[in-house]
Amino acid sequence: MPANSIDRIVIVGGGTAGWMTAAALSNIFRGSNMQIDLIESEEIGTVGVGEATIPEIMKFNGLLGIDENEFMRATQATFKLGIEFHDWHKPGQRYFHPFGVYGLDMEGISFHHFWLRARAAGDTSALEDYCLAWQAAKNGRFSKPSGPPNSPLSGIRYAYHFDALLYARFLRQYAEKLGVRRTEGKVVSVQQRSDDGFIESVQLENGDKKEAQLFIDCTGFFGLLIEKTLESGYEDWSHWLPCDSAIAAPCERTGNLTPYTRSTARKAGWQWRIPLQHRVGNGYVYASQYTSDEEARQTLVDNLEGPVLAEPRQLRFTTGKRREIWKKNCIAIGLSSGFLEPLESTSIHLIQSAISKLISLFPTGNFNPVDRQKFNQLIDQEFETVRDFLILHYKATERSDSEFWNYVRAMEIPEFLSQKLKLFEEAGRIFRDENEIFAEPSWLAVLTGQGVFPAQYHPIADVISPEETMQRLHAIKDVIGRASASLPMHEDFIAENCKAQSDPKNQSSIRTEPAADADPFKL
């Protein structure tokens, strides 16, 4: 490496964020003289309830060269085709946010404009009728992409549900094989340079010091380095996303192994269901201003499908982000950088995205401020666009059955989201801005699923006659229906390819105390 290159990195905190960072950096710097140390303490455990992801996680595992079947077996994972939302628009209604597309684009515009035209003419077909992900998911079917490019089966997109603690253990083994040095212990003090405040070293309980040029803070909400030491500051977004608590517990699965996450709106928030091979992860995210902890606990327990496997655990959080996620020679990754409720399964992705941006903008030893400024700009944009997508779920509702829903339905919203709504409400237009995680099908699913429909459809949809439009739509629906019916059952696919060898539901993946970066309610 050049003389001004960084050759020592210290990661403080393990968990998902710490070991994802360690695994990625050790892979990138394999064969070099880079020294990577990770400090964590076994004294602090986690509550392993389950983790849901979005398809980008496949890129991360792919970068590491991880075998998918091995990963699935090691983490008790299942496949995920999207998220089903219950009672969000109003009680008794549901919709599905899929990974993948609706129908087939025609005449240079998106498929949904032709569906909107047919709907305006009286057709009652649901948008989900043209979605392979939902047609497969609702029937418990799954397969990986296959077939020629013009087949709907070639466009299958999926992600995973997995045990977050087991994933961290899996990545720890990977990273240690590549030379990452794990140190057991707790950091009790942080030493800074006197001239510029850069972190110089961290000291452990036993007196040992770990020196480095670059420090990664994966200490969770506590933010030992980024906040307690460097005082980055915090942007509070709870006026838009007022949920500030969660209670989580795993339970036994009693039904089929569904290939999707479920989110059900409740009186003061929402409840998740994440199916793993060995259990189901559950939790209730709620606003403590509108319900008590005891009432929230009872709501969760009353709505579990099977016997609870661990005592429900309650946590507090404040939605928002650090004002500077990269400050001086410290970068916060995971919960130490900020928190967005896990409504759309973005927690793991925000870790992955921060790691990716760190690799792209990896600093030299002189820490050029331009690298830091660009990193913070990109991360800020990503946090804000995810935030606004989450706000949409609360704003676009007709629920009026509690003070919580009355508040979020009437609240002012950020300008970015306001513009998105205006564009769609006028003529069904959806544009994906730079650095947005969620593409057109995602916005379309939530908007229409929660009762937002445009005043008119795109004028280009009129270039096809009404008769031909209906013929094409019926043909697309038929092809998708037959493709879905050809897929194997999700549970059978796992049994044949990646079934875990043991059932660890009573093992140490269920703990009683939260780790530094434990987030048992991440989706």
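These exercises work through a predicted model of one protein.

**Exercise 1. Overall build**

Task: State how many helices and strands the protein has, and decide how its radius of gyration compares with the globule rule.

Solution:
- Step 1. Count the elements. The protein has 14 helices and 22 strands.
- Step 2. Take the radius of gyration, which is 23 Å. The globule rule gives 24 Å for 523 residues.
- Step 3. Compare. The two values are close, so the protein is as compact as a globular protein of that length.
- Step 4. Add the extents. Along the principal axes, the C-alpha trace spans about 75 × 50 × 50 Å.

**Exercise 2. Burial, contacts, surface and charge**

Task: Find what percentage of the residues is buried, and what share of the contacts with a separation of 6 or more joins residues 24 or more positions apart.

Solution:
- Step 1. Burial comes to 59% of the 523 residues.
- Step 2. Consider contacts with a separation of 6 or more. Pairs 24 or more positions apart supply 78% of them.
- Step 3. Turn to the surface. About 20400 Å² is exposed, and 46% of that comes from carbon and sulfur atoms.
- Step 4. Place the charges. There are 55 positive and 69 negative ones, and their mean positions lie 2 Å apart.

**Exercise 3. Two helices, two burial patterns**

Task: List the buried residues of α3 and of α12, and name elements that cover them.

Solution:
- Step 1. Start with α3, residues 68–75. Its buried residues are E68, F71, M72 and T75.
- Step 2. Check their directions. They cover an arc of only 100 degrees around the axis, which puts them on the same side of α3.
- Step 3. Identify the cover. It includes α2 (57–64), β4 (78–80), β7 (159–162) and α6 (164–177).
- Step 4. Move to α12, residues 440–449. Nine of its 10 residues are buried, so by the under-20% cut-off this helix is mostly covered.
- Step 5. Name the buried residues of α12: P441, S442, W443, L444, A445, V446, L447, T448 and G449.
- Step 6. Name its cover. Included are β6 (94–98), α4 (111–120), α9 (369–395) and α11 (415–427).
- Step 7. Look past the helix end. G451 follows α12 and has a positive phi, near 85 degrees.

**Exercise 4. Positive phi outside glycine**

Task: For K328 and F367, give phi, locate the loop, and decide whether each residue is buried or partly exposed.

Solution:
- Step 1. K328 is not a glycine, yet its phi is positive, about 55 degrees.
- Step 2. The loop that holds K328 runs between β20 (326–327) and β21 (330–332).
- Step 3. The relative accessible area of K328 is 28%, so K328 is partly exposed.
- Step 4. F367 also is not a glycine; its phi is positive, near 50 degrees.
- Step 5. F367 sits in the loop between α8 (347–360) and α9.
- Step 6. F367 has a relative accessible area of 10%, so F367 is buried.

**Exercise 5. The surroundings of Y158**

Task: Locate Y158, classify it as buried or exposed, and list what it touches.

Solution:
- Step 1. Y158 is in the loop between α5 (132–137) and β7.
- Step 2. Its relative accessible area is 4%, so Y158 is buried.
- Step 3. Leave out residues up to four places away in sequence. Y158 then touches P55, M58, E68, F79, K80, L81, F99, F142, K144 and P145.
- Step 4. Link this to Exercise 3. E68, touched by Y158, is one of the buried residues of α3.
- Step 5. Take one distance. Y158 and N61 are 97 residues apart in sequence, and their C-alpha atoms are 13 Å apart in space.

Terms used. Residues are numbered from 1 along each chain as its sequence is written. This is a predicted model: local features need pLDDT of at least 70, side-chain atom pairs count only at pLDDT 80 or more; totals for chains, interfaces and linings use all residues. Side-chain values use heavy atoms; hydrogens and water are left out. Helices (H or I, at least four residues) and strands (E, at least two) are DSSP runs, numbered from the N terminus. The radius of gyration is taken over C-alpha atoms; the globule rule is 2.2 Å times the number of residues to the power 0.38. Buried means under 20% relative accessible area, exposed over 50%, partly exposed in between (1.4 Å probe, protein chains only). Contact means heavy atoms within 4.5 Å. Accessible areas come from the Shrake-Rupley method with a 1.4 Å probe; for residues, only the protein chains shown count as cover. Lys and Arg count as positive and Asp and Glu as negative; His and the chain ends are not counted. The place of a charge is taken as NZ of Lys, CZ of Arg, CG of Asp or CD of Glu. The arc is that of the directions from the helix axis to the C-beta atoms.
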